[in-house]
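Morning, everyone. Let me put today's model on the screen, and then I'll walk you through it.

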Amino acid sequence: MFLVGIEKAGSAWPAADSLEELAELCRTLGAEVAGSAVARRAAAGQMVGEGKLREFGQEAGELGAPIIVFDTELTGSQQRKLEAATGRQVLDRTQVILDIFAHRARTREGKLQVELARLSYLLPRLAGRWPELSRLGGGIGTRGPGEAKLEVERRRLRRRLGELRREIDQVRRHRELLRAGRRAVPFPLLVLIGYTNAGKSTLFNGLTAAAVAVEDRLFATLDPTTRAVVLPNRQRVLLTDTVGFIQRLPTQLVAAFRATLEEVREGDLLLHVIDASHPRWLEQAATVKEILAELGAADRPVLRVLNKTDRVPLDEHHLAALETDRQAVAVSALTGRGLDRLLEQVAVELAATRCRLAVSIPYHQGDLLTLVHDKGQVLREDYGEESVAVEVEIESVWAERVKRRLREVPG
Ligand SMILES: Nc1nc2c(ncn2[C@@H]2O[C@H](COP(=O)(O)OP(=O)(O)OP(=O)(O)O)[C@@H](O)[C@H]2O)c(=O)[nH]1
Ligand SMILES: [Mg+2]
């Protein structure tokens, strides 16, 4: 493969760094990267100048690379133009990421979501895939055999999209049930999030001693996994591992993985795992924050975990991050260094979310009364005819659970 990066003014990611990441993505697919180049965006309407494109085609040819990958998302017609100009097969960044996801999906839910993402990508580009068919059409306004065939194909894909959405909906409902079950045994939920390859699964393993696939590849985890962990103060929490994020995560994937990523929004505390040894860890961390906002999870409390600190001495940026941000812990998921401190900090963070809750608990929900006494400090308690009015200082995790339970079972 030959890679082409596009220089874009004002982008947080320099084209060369983004290109290095694309090379890593291609290698993850098992492809060999023969060479790469960075192009400046040409004048309006055109992505790269014609002359430059011919050059790239030639260079790719000399290096024996049949495919050119552009580090951007292309429309169908852009892709066709680039193929014509370079004389090579052209792929875009989104296709590479979609392919990795397709290889990695293990569970039914993961597979369904990837297929949905791929079809959403393919459908608007369908016309471009059979240019020879469309051209068979004959005179203007007539429907030639090519166009009819294309229409059939399009209809087939739309039908499949409908099926997929329905199936994913079922899976999602099942997931809802699981979550509801989890809420009934209310343990706080910690969710590991972070850039792909940051070390989330390794940390998950370290913290749960569970055997979850850890690989030095991008997007090793696509399906969330949840396990129980006991904090040093004997508090039980649930820990969930999730799919990694990446800059310019294809929108089709974000949309398709919404059900899976809903876990993130439900997290009582998010552990943002950062690869402190990565040269662009600051940009990666910023990207994760942006994606969180996109997922509607910007309001969740976050504890930052600087990982892989066995690999690098902490520089002044790390130290500054650790110092200014009391919600940051340095660890090595691989050697286990700092994991106790991390768990202690988790307990502190969970406790720090104490708030005041004033509610009326009906007598038939007496277990909630026990719960607020157990978990919080009851400040006031008035026994009424049908319910008890309580005011309690309690961790917001529990406060939310109590409120939710009161809503679920109408008094
Ligand atoms: N040196 C070092 N390597 C680590 C550490 N933590 C993880 N790694 C390595 O980093 C690579 C990626 O680790 P994973 O745990 O699979 O990363 P992830 O964040 O789950 O990645 P995705 O699921 O692909 O998003 C593996 O090769 C790990 O062995 C660490 O603390 N130190
Ligand atoms: Mg993982």
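I'll start with the overall make-up, then go through a sheet, its helices, a hairpin and a few single residues.

One thing up front. This is a predicted model. Keep that in mind throughout.

So, the overall make-up. The protein chain has 411 residues, and 35% of them count as buried. DSSP-style elements next: 16 helices and 13 strands. How far apart in sequence are the residues that touch? Take the contacts with a separation of 6 or more; 65% of them join residues 24 or more positions apart.

Now the core. The largest nonpolar core holds 85 residues. Two of them have the most contacts inside it: Val69 and Val305. Remember Val69. We'll meet it again in the sheet.

On to that sheet. Look for four strands in the order E2-E1-E3-E4. The sheet is open, and the pairing is parallel. Which strands stand at the edges? Strand E2, residues 35–40, and strand E4, residues 89–92. Each has a single partner strand, so one side of each is left without a neighbour in the sheet. The sheet is also twisted in this sense: neighbouring strands are turned by 25° against each other on average, with direction ignored.

Go to the middle of that order. Strand E1 covers residues 2–7, and strand E3 covers residues 67–70. These two run parallel and are joined by three bridges. Here is Val69 again: in E3, Val69 stands opposite Leu3.

Helices pack on this sheet. Helix H1, residues 15–28, touches E1, E2 and E3. The direction of H1 makes about 150° with that of E1. Then there is helix H3, residues 76–86, which touches E3 and E4. The direction of H3 makes about 140° with that of E4.

What does Val69 contact, leaving aside neighbours within four places in sequence? The list is Met1, Leu3, Leu22, Cys26, Leu91 and Val96. Hold on to Leu22, Cys26 and Val96 from that list. They come up in the next pair.

Helix pairs, then. Two packed helices are described by the angle between their axes and the distance between the axes. First pair: H1 with helix H4, residues 93–104. Their axes are 9 Å apart, and the angle is about 40°. H1 and H4 are therefore oblique to each other. The crossing is left-handed. Which residues meet there? From H1, it's Leu22, Leu25, Cys26 and Thr28. From H4, it's Arg93, Val96, Ile97 and Ile100.

Second pair: helix H2, residues 50–62, with H3. Here the axes come within 8 Å and cross at roughly 65°. H2 and H3 are therefore roughly perpendicular to each other. This crossing is right-handed. On the H2 side we have Glu50, Leu53, Arg54, Phe56, Gly57 and Ala60. They meet Leu82, Ala85 and Thr86 in H3.

Let's move along the chain to a hairpin. Strand E6 is residues 225–230, and strand E7 is residues 236–241. They pair in the antiparallel sense over six bridges. One partnership to find on the screen: Thr226 with Thr240 in E7. Between the strands there are five residues.

That brings up backbone angles. Most residues other than glycine have a negative phi. Arg234, in the loop between E6 and E7, has a positive phi near 70°. Is Arg234 buried or exposed? Arg234 counts as exposed, because there are 7 C-beta neighbours inside 10 Å.

Arg248 also has a positive phi, about 50°, and is not a glycine. Look for Arg248 in the loop between E7 and helix H10, residues 251–256. Arg248 is partly exposed, with 16 other C-beta atoms within 10 Å.

Last stop: Ile361. Find Ile361 in strand E11, residues 354–362. Why does Ile361 count as buried? Because 24 other C-beta atoms lie within 10 Å, and the cut-off for buried is 20 or more. Contacts next, again leaving aside neighbours within four places: Leu368, Leu369, Ser387, Val388 and Val390. Finally, a pair of positions. Ile361 and Val402 are 41 residues apart in sequence, and their C-alpha atoms are 9.2 Å apart in space.

That's the tour. Over to you for questions.

Conventions:
Residues are numbered from 1 along each chain as its sequence is written. Chains are lettered from A and ligands numbered from 1 in the order in which they are written. This is a predicted model: local features need pLDDT of at least 70, side-chain atom pairs count only at pLDDT 80 or more; totals for chains, interfaces and linings use all residues. Two strands pair if DSSP finds at least two bridges between them. A nonpolar core is a set of buried Ala, Val, Leu, Ile, Met, Phe, Trp, Tyr and Cys residues joined through C-beta atoms within 7 Å. A residue is buried if 20 or more other C-beta atoms lie within 10 Å of its own, exposed if 12 or fewer, and partly exposed in between; C-beta atoms are placed from the backbone. Two residues are in contact if their C-beta atoms, placed from the backbone, lie within 7 Å. Axes are lines fitted to C-alpha atoms, for helices over the stretch in contact, and angles run from 0 to 180 degrees between N-to-C directions. Angles under 35 degrees count as roughly parallel, over 145 as roughly antiparallel, 65 to 115 as roughly perpendicular and the rest as oblique. A crossing is left-handed if the near helix is turned anticlockwise from the far one by less than a right angle, and right-handed if clockwise.
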